[in-house]
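Subject: Structure handover

Hi,

Here is the structure I promised to pass on. Please open it alongside this email, as my notes follow directly below.

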Amino acid sequence: MNRKWLGLGGLVLGCWWSGCATSSGTSSAPQGSRSGPIELDLPGERSAAATVAPSGKACPDDIADEPALEDKAYEGREARTWHANVDLLSPRSERDPIPRDFHKQFTLASGPLDLVVHRHTTDEGKPSPWVLVTLARPFEGGHCIVSSWGLGGMEGKASLVDTWAAQDGKHAIFLMKLAPTEDSLANNTRWVVLGTDGRRAWAALGTPPEHHLLVPSVKLFPNGKDLYVDIQQRYLTRLRLGADGRFVVPAPPN
């Protein structure tokens, strides 16, 4: 199989063109040589106060009070808010629980972590293109939200394709796909590669808000303790996950 690093020409319809990846020499994003939490500078308002559990305990301080990655967080479902039932949109919601599409549990260095994907329903009770993605940590009989955001709608049908957790528990990576539907305005399949350390969430490839890959296929490829992502266009690009939880993108040739 021919393999080639995709440069400015090869990724013109994908991440280079849309701004989802920048070279290591010019990017301000955290690099693999840096240690500590990955800081994000995203637009949006932080939650004014966290909802506490019935015991009076607030969510752990190590959960970053950051806005959601995709769009803004649902009201009442911001980072560091406590939910007795993570299947409800809000701690104060009186609606029926929204159905789960997917539920994956990780154990990271920060502790247990749940990745839950909910599928909204239409007024007729049918599955909607909109999904709610939630990262939450079990706490005091409920869950503390780490991050929660929506995918889908005009972008098409969103689905969780694959997940991976590092053996040392430092972070987990998951791959999501947004496929156009017959009535959507989107023309191309989009892929989103995200990471979390149980304290925050970040784009593992690209810089928000331009971190969607417009390519035919993306796959996670574990190899021992390492993780790679395969980006398929005319040629295959394989990128290695760095120590900071982001895939290392080589600088384009001069």
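Strand 2 (residues 100-108) and strand 3 (residues 111-121) run antiparallel, joined by eight bridges. Together they make a hairpin, with two residues between the strands. To find your place in this pairing, start at Gln105: its bridge partner in strand 3 is Asp114. Please keep in mind that this is a predicted model.

Next, the nonpolar cores. The largest one has 29 residues. Which residues have the most contacts inside it? They are Leu115, Val133, Leu135, Trp149, Leu151, Phe174 and Leu194. Many strands feed this core. Strand 2 and strand 3 each give two or more residues to it. So do strand 4 (127-139), strand 5, strand 6 (157-165), strand 7 (172-179), strand 8 (190-196) and strand 9 (201-203).

Leu151 is a good residue to click on. Leaving aside residues up to four places away in sequence, Leu151 touches Glu70, Pro129, Trp130, Val131, Val133, Ala158, Met176 and Leu178. Of these, Val133 is also on the list of residues with the most contacts inside the core.

There is a second core, separate from the largest one. This second core has 20 residues, including Ala166, Val193, Val218 and Val249.

Now the disulfide. The structure holds one. It joins Cys59 to Cys144, with an S to S distance of 2.1 Å. Are these two cysteines buried or exposed? Both Cys59 and Cys144 are buried. The torsion about their S-S bond is about -95°, so the disulfide is left-handed. Where do the two cysteines sit? Cys59 lies in the loop between helix 1 (15-18) and strand 1 (82-83), while Cys144 lies in strand 5 (residues 142-151). The pair therefore ties together parts that are 85 residues apart in sequence.

Last, a sheet further along the chain. Three strands form an open sheet in the order 10-11-12, with antiparallel pairing. Strand 10 (217-223) and strand 12 (236-240) are the edge strands, and each pairs on one side only. From one strand to the next, the twist averages 25°. Strand 11 (residues 226-232) pairs with strand 12 over five bridges, in the antiparallel sense. For a marker there, look at Ile231, which stands opposite Thr237 in strand 12.

Over to you.

Best wishes

How values were computed. Residues are numbered from 1 along each chain as its sequence is written. This is a predicted model: local features need pLDDT of at least 70, side-chain atom pairs count only at pLDDT 80 or more; totals for chains, interfaces and linings use all residues. Side-chain values use heavy atoms; hydrogens and water are left out. Two strands pair if DSSP finds at least two bridges between them. Helices (H or I, at least four residues) and strands (E, at least two) are DSSP runs, numbered from the N terminus. Axes are lines fitted to C-alpha atoms, for helices over the stretch in contact, and angles run from 0 to 180 degrees between N-to-C directions. A disulfide is a pair of cysteine sulfur atoms within 2.5 Å. Buried means under 20% relative accessible area, exposed over 50%, partly exposed in between (1.4 Å probe, protein chains only). A nonpolar core is a set of buried Ala, Val, Leu, Ile, Met, Phe, Trp, Tyr and Cys residues joined through side-chain atoms within 4.5 Å. Contact means heavy atoms within 4.5 Å.
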